[in-house]
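Visitor: I should like to be guided through this structure, one question at a time. May we look at it together?

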Amino acid sequence: VNSGDGNNIGSAPDTTALWFKSATTVGSTDQHMVSFEGSGTCPSCDYYRIYFEANTGKVVFEFNTNTGGGDTSTCKSTGRYDDQEWYHVTAIRTGTNANCSLIITDVDGSTVESQLNVPFSSGTTLVDTDGRWYVGSNSAEGDNFFNGWIDDVIHWNSYVVKTSGPNEEYDLARTNYGDAAHKINLSYITNDV
């Protein structure tokens, strides 16, 4: 998607959610699911990304709020998810110090893991991604193509999906619009009596 302030993520909070399924195990190169980039030469730019880490198959949610490096926050899964199964990931950026959360749910609707990171304690929470954004690659840094399937990418600026109370993340990760979706048949009958 072309550059411009319409792509800008800006200040926390925000949420990104998507479904993914790997085709093979991850090799020696990161595989990007979603990548928002600032202007300039990355990785020395502001960025916001969700990707498979090279060699480990771990899911990483990472963002940098300081062009040139320095203020990077990272949430990383403990398990690997390049096992050719479908997973839902929700990445949340919150707080004045840009804390991050990473929630991974399997296709049966069970939360596999939830990670929280309290990152750097100074600097700005502004992610200036007025460059470009990509789904399934990261063109500015050698492509890092995702080998698999990505579905239902949703991004909210200035909004944190609720993870308690009326749990929006729970509902989001358990909604199915595919072949197994449920249909509702409605009838409307009028009567003049």
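**Strands, rings and a disulfide**

Guide: Strand E1 (residues 14–22) and strand E6 (residues 86–94) run antiparallel and are joined by 8 bridges. This is a predicted model, in which local features need pLDDT of at least 70 and side-chain atom pairs count only at pLDDT 80 or more, while totals for chains, interfaces and linings use all residues. Residues are numbered from 1 along each chain as its sequence is written, and side-chain values use heavy atoms, with hydrogens and water left out.

Visitor: Which residue in E6 stands opposite Thr16?

Guide: Strands here are DSSP runs of E with at least two residues, numbered from the N terminus. Two strands pair if DSSP finds at least two bridges between them. E1 and E6 are joined by 8 bridges. The residue in E6 that faces Thr16 is Ala91.

Visitor: Which strands stand at the edges of the open sheet E8-E7-E6-E1-E10?

Guide: This open sheet has 5 strands with antiparallel pairing, in the order E8-E7-E6-E1-E10. Each edge strand has a single partner strand, so one side of each is left without a neighbour in the sheet; these are strand E8 (111–117) and strand E10 (148–157).

Visitor: What is the order of the other open sheet, and which are its edge strands?

Guide: Another 5 strands form an open sheet with antiparallel pairing, in the order E5-E4-E3-E2-E9. Each edge strand pairs on one side only, and these are strand E5 (72–80) and strand E9 (133–135).

Visitor: Which residue in E9 stands opposite Phe36?

Guide: Strand E2 (residues 31–37) pairs with E9 in the antiparallel sense, over 3 bridges. Opposite Phe36, in E9, stands Trp133.

Visitor: Which cysteines does the disulfide join, and how far apart in sequence are the parts that it ties together?

Guide: A disulfide is a pair of cysteine sulfur atoms within 2.5 Å, and by this rule the count comes to 1 disulfide. The disulfide joins Cys75 to Cys100, with S to S at 2.3 Å. Cys75 lies in strand E5 and Cys100 in strand E7 (residues 99–106), so the parts tied together are apart in sequence by 25 residues.

Visitor: Is Cys75 buried or exposed?

Guide: Buried means under 20% relative accessible area, exposed means over 50%, and partly exposed lies in between (1.4 Å probe, protein chains only). The relative accessible area of Cys75 is 1%, so Cys75 is buried.

Visitor: How many aromatic pairs are there, and why is the pair of Phe61 and Phe63 called tilted?

Guide: Rings of Phe, Tyr and Trp (its six-membered ring) pair if their centres lie within 6.5 Å; planes under 30 degrees apart count as stacked, over 60 as edge-to-face and the rest as tilted. A search of the whole structure finds 8 aromatic pairs. The ring centres of Phe61 and Phe63 are 5.5 Å apart and the planes stand at 50°, so the pair is tilted.

Visitor: What is the angle between the planes of Tyr81 and Tyr87?

Guide: Tyr81 is buried, with a relative accessible area of 4%, and Tyr87 is buried at 8%. Their aromatic pair is edge-to-face, with 4.8 Å centre to centre, and the angle between the planes is 80°.

Visitor: Over which ring does the charged end of Arg49 sit?

Guide: A charge sits over a ring if NZ of Lys or CZ of Arg is within 6 Å of the ring centre and within 35 degrees of the ring normal. The charged end of Arg49 is 3.7 Å from the centre of the ring in question, which belongs to Tyr47.

Terms used. Helices (H or I, at least four residues) and strands (E, at least two) are DSSP runs, numbered from the N terminus.
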